[in-house]
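Me: I would like to learn how to read strands and sheets in a model. Can we go through some cases together?

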Amino acid sequence: MKIIPNNKNSDFVCFIEGLDISEGISLSDSNKIDKLINKYAVVVFRDQLITDEQQIEFTELFGKIEKPGNNSSVQKSTDRRLTSKMADVSNITKSSTVYDRNDPTRIFNLGNRLWHSDSSFKKIPAKYSLLSARTVAKKGGNTEFADMRAAYDKLDKNSKSIIKDMVCEHSLIYSRQRLGFDMKTELSDREYKNFSPVLQPLVRIIPMTKRKLIYLSSHIGKIRGWLREDSMCFINDLMEHATAKKFVYIHKWKINDLVIWDNRQVMHRVRHFDDTKEYRDMRRTTILGEEKLI
Ligand SMILES: [Fe+2]
């Protein structure tokens, strides 16, 4: 296994060469990869031609798989294209066409273009995400990652003390509201209840590395004990700081890339592509977090 840091002077993003995931990975190699994810937060493998089963088997080396439930999507389970162990972050329907511009699933998935951390709106948020590129867009569709450890380190002393014990409400309702998709009017009361906000701390410490970071996401809509409007001003300022160019890695997808990221340590977003014409087949497996944070 050869490890190539994206930048020699930084511990954000590394490339791993010399492994063929389709052949199966030993326990000692998966332990090494786990340590690299903790250290670099984003780990990239090129040229991994894998099946869904191989991706699931590889993912399970790092923990329990998080299944996409009725609190993470507006799509009916009967409309799913992939197994329930995978999150479909493609723009492709069950009948292999691209989603129409007005399709609610497409509109809901546009939320992936906002900076976020996967499943931060769940009581137990996601740990790692593994994204396999089966078909890539010819133009656009990059994924960007922002390093929340470096963003924390660069905060001034006063801001660090303000956010120290802050608790935020996370919900898909809030991130979709940013796009103008009002779930309150679009969904039934019963469906709407699935998306009730959960509380998460704004500062987290990674157990393995003991590093502190800002646990940010567009799913945040309120700071506990603050007015919603004040909360949004404060969170938007923090997002602006945390997504400055110097904290961001842009991944330009090649077919058969597999990228693992640590949702505890980075935010990510996908960029625009011509999604009503081009096919972008991306399959995600997700590792469930190990604990409730609050
Ligand atoms: Fe995501």
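Me: How do strand 7 and strand 8 pair, and over how many bridges?

Reply: In general, strands of a sheet pair through backbone hydrogen bonds, either parallel or antiparallel. In this predicted model, strand 7, residues 167–170, runs antiparallel to strand 8, and 4 bridges join the two. One pair to look for is His170 with its bridge partner Val198 in strand 8.

Me: Which order do the strands have in the open sheet that contains them?

Reply: The order is 8-7-11, an open sheet of 3 strands with antiparallel pairing. Strand 8 (198–201) and strand 11 (220–223) each have a single partner strand and stand at the edges, so one side of each has no neighbour in the sheet. On average, neighbouring strands of this sheet are turned by 35 degrees against each other, direction ignored.

Me: What is the order in the open sheet that includes strand 6?

Reply: That open sheet of 3 strands reads 12-6-14, with antiparallel pairing. Its edge strands are strand 12 (248–251) and strand 14 (266–270), each paired on one side only. Here the average turn between neighbouring strands is 20 degrees, direction ignored. Strand 6 (residues 143–147) is joined to strand 12 over 4 bridges in the antiparallel sense, and Thr143 faces His251 of strand 12.

Me: Which way do the residues of strand 3 point?

Reply: The general idea is that side chains in a regular strand alternate between the two faces of the sheet. In strand 3 (residues 42–45), Val42 and Val44 point one way, while Val43 and Phe45 point the other way; all are buried.

Me: In what sense does strand 3 pair with strand 2, and in what sense with strand 13?

Reply: With strand 2 (residues 14–17) the pairing is parallel, over 3 bridges, and Ile16 stands opposite Phe45. From strand 2 the chain passes through helix 1 (residues 27–40) to strand 3, a right-handed β-α-β crossover. With strand 13 (residues 258–262), strand 3 runs antiparallel and shares 4 bridges; there Phe45 stands opposite Leu258.

Me: Which residues touch the most other members of the largest nonpolar core?

Reply: They are Val42, Ala146, Met148 and Ile214, in a core of 56 residues. Strand 5 (residues 126–135) gives the most to this core, with 5 residues. Leaving out residues up to four places away in sequence, Met148 touches several residues, including Leu213, Ile214, Ala242 and Met267.

Definitions and conventions. Residues are numbered from 1 along each chain as its sequence is written. This is a predicted model: local features need pLDDT of at least 70, side-chain atom pairs count only at pLDDT 80 or more; totals for chains, interfaces and linings use all residues. Two strands pair if DSSP finds at least two bridges between them. Axes are lines fitted to C-alpha atoms, for helices over the stretch in contact, and angles run from 0 to 180 degrees between N-to-C directions. A nonpolar core is a set of buried Ala, Val, Leu, Ile, Met, Phe, Trp, Tyr and Cys residues joined through C-beta atoms within 7 Å. A residue is buried if 20 or more other C-beta atoms lie within 10 Å of its own, exposed if 12 or fewer, and partly exposed in between; C-beta atoms are placed from the backbone. Two residues are in contact if their C-beta atoms, placed from the backbone, lie within 7 Å. A crossover is right-handed if, with the strands pointing away from the viewer, the path from the first strand over the helix to the second runs clockwise.
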